[in-house]
Amino acid sequence: MSNVLVTGGAGFIGANFVHYWLQQYPGDRVVVLDALTYAGNLASLAPASRNPAYRFVKGDICDTSLVAALLHEESIDTVVHFAAESHVDRSISGPGAFIQTNMVGTYSLLEAARAHWLKGGKTIEHRFHHVSTDEVYGSLGADDPAFDEQTAYAPNSPYSASKAGSDHLVRAYHHTYGVQVTTSNCSNNYGPYQFPEKLIPLMVVNALSGRSLPVYGDGSNIRDWLFVEDHVRAIDLVIKEGKVGETYNIGGNEEHANLDIVNRLCACIDEVFDADGSLAERFPDAPASSGTATASLITMVKDRPGHDWRYAIDASRIQNELGFEPAHDFASGLRSTVDWMLANEDWWRAILDDSYRSWIEDQYETR
Ligand code: NAD
Ligand code: TYD
């Protein structure tokens with residue numbers, strides 16, 4: 001039995017992790033610490049809310065005394081650290097929050113953990129798992145080998161630089177103080193509960209509302225994509241079977257160019273509208289409702305500054321050492337995501353409030 005503190009559990013991957021963990025380990029206690037920023041959403045945790053093993057605490061990871069009190073009060077032995085500012089475009093317009101949460105916040109958690117778990121030379125058995133990104137490795141050319149765990153860090157955006165800084169802090173707290181850490185660097189995730197500012201859910205929401213589908217630059221940028229449920233399963237493997245002090249890269253072996261993804265998503269939406277006549281009544285502004293191809297909404301827009309061209313993950317370490325294989329390929333994951341968004345319209349409609357809309361509109365205006 002474990003008492004697990006999940007930071008950022010009201011966000012996209014954190015919420016998926018909480019649901020997975022409560023189902024997989026019903027004897028464990030799961031405490032979520034989340035500041036409920038614009039990206040945090042209690043509705044994403046609603047399925048857990050009646051589970052007596054689950055507790056939600058609204059708070060900032062930078063508040064070291066709050067974290068220390070929680071570690072003590074809940075006898076936490078495992079921290080799974082998701083809390084972060086996570087959107088590259090926001091890091092370009094406002095990097096300060098990224099430095100604060102991703103670097104200072106990770107430092108704050110590590111300090112509280114060190115004080116609690118390593119007090120007076122006596123070590124309580126514990127694990128600090130840090131969730132990071134492949135973006136810390138920088139950008140690849142077409143023929144470069146994929147990122148492995150030995151690839152030198154070369155972050156290019158304020159987001160990836162702040163995540164790189166947090167990875168280094170986690171490593172240093174292991175080497176210097178003996179905090180029992182693991183880190184995972186994962187590729188782009190998609191799936192249920194993803195905030196509709198990220199590529200895939202943004203395109204679905206816009207397609208259903210008849211808004212343009214903005215593709216940055218020439219659309220040739222490549223990412224490796226992993227369905228979120230595979231990511232949380234991989235994190236579980238690293239926590240349970242990974243070596244303390246080590247790093248594991250996680251990926252889906254699914255490299256795709258952005259424009260291809262948007263085209264595939266459009267084709268998928270056309271297909272579900274063809275098969276289900278009731279969707280035209282629910283989404284009258286969607287081109288698919290009047291038999292027009294959703295792809296007609298695709299609009300090429302000004303590129304993101306410093307836009308990394310390609311990310312690719314060499315996942316052989318986690319595959320060979322921990323036996324990890326993704327269960328979902330990109331085609332099935334994309335279809336599940338579209339189905340989930342159609343079945344959970346209330347979830348994303350509630351997010352499309354005035355402040356979010358004006359943020360998105362500002363983004364369009366500056367392009
Ligand atoms: P998200 O933006 O959806 O959620 C982040 C959560 O952290 C939100 O609930 C937010 O309220 C919370 N949070 C932010 N600042 C906080 C603070 N100071 N104190 C407490 N809580 C705070 O992010 P996500 O996409 O779920 O990503 C989770 C983690 O996984 C991040 O560390 C991210 O870097 C990493 N990651 C994400 C992806 C991806 O494709 N989304 C890929 C690889 C790694
Ligand atoms: P995003 O989901 O923001 O993830 P990241 O930048 O962390 O990889 O973007 C994924 C890719 O899609 C990235 O190359 C930028 C591109 N993109 C667009 O072309 N249009 C959009 O509206 C968004 C949000 C992203």
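Here is a short conversation about the two ligands and one histidine in this predicted model.

Visitor: How many residues surround ligand 1?

Guide: Let's start with who comes closest: Ile13, Asp34, Ser86, Tyr159 and Lys163. By class, the shell has 13 nonpolar, 12 polar and 3 charged residues. The number of residues that surround ligand 1 is 28.

Visitor: Which backbone polar atoms lie by an oxygen atom of ligand 1, and how much of the ligand does the protein bury?

Guide: A polar backbone atom of glycine 11 is 2.9 Å from an oxygen atom of ligand 1, and for a backbone N or O atom of phenylalanine 12 the distance is 3.0 Å. Threonine 37 also has a polar backbone atom, 3.1 Å from an oxygen atom of the ligand. On its own, ligand 1 exposes 840 Å², and the share of this that the protein buries is 96%.

Visitor: Which element gives the most residues to the shell around ligand 1?

Guide: The elements that give two or more residues are α1 (12-24), β5 (127-133), α5 (158-177) and β7 (188-190). With 3 residues, the one that gives the most is β5.

Visitor: What are the nearest residues around ligand 2?

Guide: The shell here has 17 residues, and by class they are 7 nonpolar, 5 polar and 5 charged. Both α6 (199-209) and β8 (213-216) supply at least two of them. Those that come nearest are Glu135, Pro214, Arg223, Arg304 and His307.

Visitor: How much of the accessible area of ligand 2 does the protein cover?

Guide: First, look at the polar atoms around this ligand: an N or O atom in the side chain of glutamate 135 is 2.5 Å from an oxygen atom of ligand 2, and one in the side chain of arginine 223 is 2.8 Å from an oxygen atom of the ligand. Tyrosine 216 uses a backbone N or O atom instead, at 2.9 Å. Of the 510 Å² that ligand 2 has on its own, the protein covers 96%.

Visitor: Is histidine 256 buried or exposed?

Guide: You can find histidine 256 in strand β11 (residues 255-257). Its relative accessibility is 15%, and the cut-off for this class is under 20%. Histidine 256 therefore counts as buried.

Visitor: Which side chain makes a polar contact with the side chain of histidine 256?

Guide: Leaving out residues up to four places away in sequence, histidine 256 touches Asn221, Ile222, Arg223, Trp225, Ile261, Arg264 and Phe330. The polar contact has a distance of 2.7 Å, and the partner side chain is that of glutamate 254.

Methods: Residues numbered from 1 in each chain as written. Chains lettered and ligands numbered in written order. Predicted model: local features only at pLDDT ≥ 70, side-chain atom pairs only at ≥ 80, totals over all residues. Heavy atoms only, no water. Near = heavy atom within 4 Å. Polar contact = N/O pair within 3.5 Å; in protein donor to acceptor, adjacent residues only side chain to side chain. Areas by Shrake-Rupley, 256 points an atom, 1.4 Å probe, with all protein chains shown as cover. Helix = DSSP H or I, 4+ residues; strand = E, 2+ residues; numbered from the N terminus. Nonpolar A, V, L, I, M, F, W, Y, C, P; charged D, E, K, R; others polar. Buried < 20%, exposed > 50% of the residue type's maximum accessible area, 1.4 Å probe, protein only. Contact = heavy atoms within 4.5 Å.
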